[in-house]
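Colleague: I would like to learn how to read a few features of this model. Can we take them one at a time?
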Amino acid sequence: MSFDCISCEYNMMLINGALIGRRLNLSDEKVTQGEIAQYLDMADVRYSREHRLGDGEIVDFLVADHIALEVKLRCPRKKILRQLARYAVYADVHMLILASNTAIALPDQIQRKPVIGISLGKAWL
C-alpha cells in the first residue's frame, strides 16, 4: 500500500468520525456544506472548500490535497455518478467521498479510485 493510500484511509477515518451520527441541516446544500466544514474544523481535518480541480470542475471539499468530498442533497443518482466520474479523471484526486441524503449504490471504484459513501440521512432515523 502506498503512502497516498494510507494517507487517504487515515483522512477518510477522520472525515467519517467528524460526520457520522451528526444531524445536519438537509434542507439546503450550502448550509449543509457549512455545517460539514465546522465539523471538519473541529476534527482538525485539513481541506480546501469549493476547490477548483480544473476545466470548470469545482468539488465541494478537497481534503488533504487528494480526497474529493462532494455533498449532494436530493440529487438524481445518474447526475451524482457523472459528477464523481468527472472528478475522478484529475490526477490530484486519489479518493472520492460522497456525503448525501440520496440513497445510492456507489461502485467500489471510479477510474480506479476508491469511492466511499456517507449517508447524511442516517442520523435522522
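Modeller: Start with E50, in strand β1, residues 47–54. Keep in mind that the model is predicted.

Colleague: What is the phi of E50 near?

Modeller: Phi of E50 is near 50 degrees. That is a positive value in a residue other than glycine. E50 is partly exposed, at a relative accessible area of 36%.

Colleague: And D55: where is it found?

Modeller: D55 sits in the loop between β1 and β2, the latter being residues 57–63. Its phi is also positive, near 50 degrees, and D55 is not glycine.

Colleague: Is D55 buried or exposed?

Modeller: Exposed counts as over 50% relative accessible area. D55 has 76%, so it is exposed.

Colleague: Next, aromatic pairs. How is a pair of aromatic rings described?

Modeller: Two values describe it: the distance of the centres and the angle of the planes. This structure holds 1 aromatic pair. Its members are Y47 and F61, with 5.4 Å centre to centre and 75 degrees between the planes. Planes over 60 degrees apart count as edge-to-face, so the Y47–F61 pair is edge-to-face.

Colleague: Which parts does the pair tie together?

Modeller: Y47 lies in strand β1 and F61 in strand β2, so the pair links parts 14 residues apart in sequence.

Colleague: Which relative accessible area does F61 have, and which does Y47 have?

Modeller: F61 is at 0% and is buried. Y47 is at 23% and counts as partly exposed. The cut-off for buried is under 20%, which means Y47 falls outside that class.

Colleague: Now strand β4. How many of its residues are buried?

Modeller: Strand β4 covers residues 95–100, and 6 of its 6 residues are buried. Read a strand by the way its side chains point. M95, I97 and A99 point one way from β4. L96, L98 and S100 point the other way. Both sets are buried.

Colleague: Which strands does β4 pair with, and over how many bridges?

Modeller: Strand β3, residues 67–72, is joined to β4 by 6 bridges, and the two run parallel. Here E70 stands opposite L98 of β4. The chain goes from β3 through helix α3, residues 77–88, to β4, and this β-α-β crossover is right-handed.

Colleague: And strand β6?

Modeller: Strand β6, residues 113–119, pairs with β4 in the parallel sense over 5 bridges. L98 stands opposite G117 in β6. So L98 has E70 opposite in β3 and G117 opposite in β6 under the rule for paired strands.

Methods:
Residues numbered from 1 in each chain as written. Predicted model: local features only at pLDDT ≥ 70, side-chain atom pairs only at ≥ 80, totals over all residues. Heavy atoms only, no water. Helix = DSSP H or I, 4+ residues; strand = E, 2+ residues; numbered from the N terminus. Buried < 20%, exposed > 50% of the residue type's maximum accessible area, 1.4 Å probe, protein only. Right-handed = clockwise from strand over helix to strand, strands pointing away. Phe/Tyr/Trp six-rings, centres within 6.5 Å; stacked < 30°, edge-to-face > 60°.
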